[in-house]
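Colleague: I am new to this structure and should like to learn how its descriptive terms are justified. May I put some questions to you once it is in view?

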Amino acid sequence: MNIAVDTHTHTLASGHAYNTLREMARMAADKGLSGLAVTEHAPEMPGTCHSFYFQNMRVIPRNMYGIELLMGVELNVMDENGSVDLPESLIRELDIAIASIHVPCYKDVLGRAEITQTYINVMEKDHIDIIGHPDDGRVPVDYEVLVKEAKRTGTLLEVNNSSLRPGGFRQDTRHNAACMLRLCKKYETMVVLGSDAHMDVDIANCRYSMEVVDEIGFPEELVANTSLEKLKACLKRNKKL
């Protein structure tokens, strides 16, 4: 399976990543990608950029080294209502938006029922395209409900390679990713394989994600980022055009 677009990467602007935007684009070109989504952490993540950073993204060329750039954000889900840390009007101006629960930022109860409802509320928003790393056992979720609601709302679910890396801080990720993928296969729910790269060498690194994908025989047609055109067509914001 060929991953043509990495849908989840970070630059120096996120505060705990290690390369510039140009370095990331150049590596994506060197790796033969056709597109790269740059999704900096939104303002509530400690150490990341101010909202002004996202407001000014219009000045960034959308093509570097032959790579089409999708300039976006990894939003922090803040509470059970599905609130996130940038205004809707600004998110709509971006090219792509991931929403993720990060334990340092989430303000409500980390119970299974509460987290499941949180994700439902997030997925109802037509300006949020992807749920990021819904695999962390510290943030339990009913995967059957998650997968069904993702299908209903047209939200992409992420298989996050960084989560699956041995020695990572998220819990039970391989089991949870496999459970989610089996249900996505059953209900024909679309996913993306994202590296969550915080350094250029990790762009399009889907080694651990691919192991799970291959293990359960997940169909390529349900992976949105196997081509740039397919990904764009699957982004919820573009379905409104």
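Colleague: Why is cysteine 179 called partly exposed?

Modeller: Cysteine 179 has a relative accessible area of 27%. Buried means under 20% relative accessible area, exposed over 50%, and partly exposed in between (1.4 Å probe, protein chains only). The value of 27% therefore makes cysteine 179 partly exposed. Please note that this is a predicted model, in which local features need pLDDT of at least 70 and side-chain atom pairs count only at pLDDT 80 or more, while totals for chains, interfaces and linings use all residues. Residues are numbered from 1 along each chain as its sequence is written, and side-chain values use heavy atoms, with hydrogens and water left out.

Colleague: What makes the sulfur of cysteine 179 too far for a bond?

Modeller: A disulfide is a pair of cysteine sulfur atoms within 2.5 Å. The closest cysteine sulfur to that of cysteine 179 belongs to cysteine 184 and lies 9.5 Å away, so the two are too far apart for a bond. For cysteine 49, the closest cysteine sulfur is in cysteine 105, at 13 Å, which is again too far. The structure holds zero disulfides.

Colleague: Is cysteine 49 buried or exposed, and how do you know?

Modeller: Cysteine 49 has 10% relative accessibility, and therefore counts as buried.

Colleague: Why is asparagine 176 called buried, and which residues is it in contact with?

Modeller: The relative accessible area of asparagine 176 is 11%, so the residue is buried. Contact means heavy atoms within 4.5 Å. Leaving aside neighbours within four places in sequence, asparagine 176 is in contact with Asp135, Asp136, Gly137, Tyr143 and Gln171.

Colleague: In which helix is asparagine 176 found, and what covers the buried residues there?

Modeller: Asparagine 176 is found in helix α7, residues 173-187. Helices (H or I, at least four residues) and strands (E, at least two) are DSSP runs, numbered from the N terminus. The cover over the buried residues of α7 includes α5 (143-153), β7, α6 (161-164), β8 and α8 (207-216).

Colleague: How do you know that strands β7 and β8 pair?

Modeller: Two strands pair if DSSP finds at least two bridges between them. Strand β7 (residues 156-160) and β8 have four bridges, in the parallel sense. The bridge partner of leucine 157 in β8 is valine 191.

Colleague: Which way do the residues of β8 point?

Modeller: From strand β8 (residues 191-194), Val191 and Leu193 point one way and Val192 and Gly194 the other, and all are buried. In a regular strand the side chains alternate between the two faces of the sheet.
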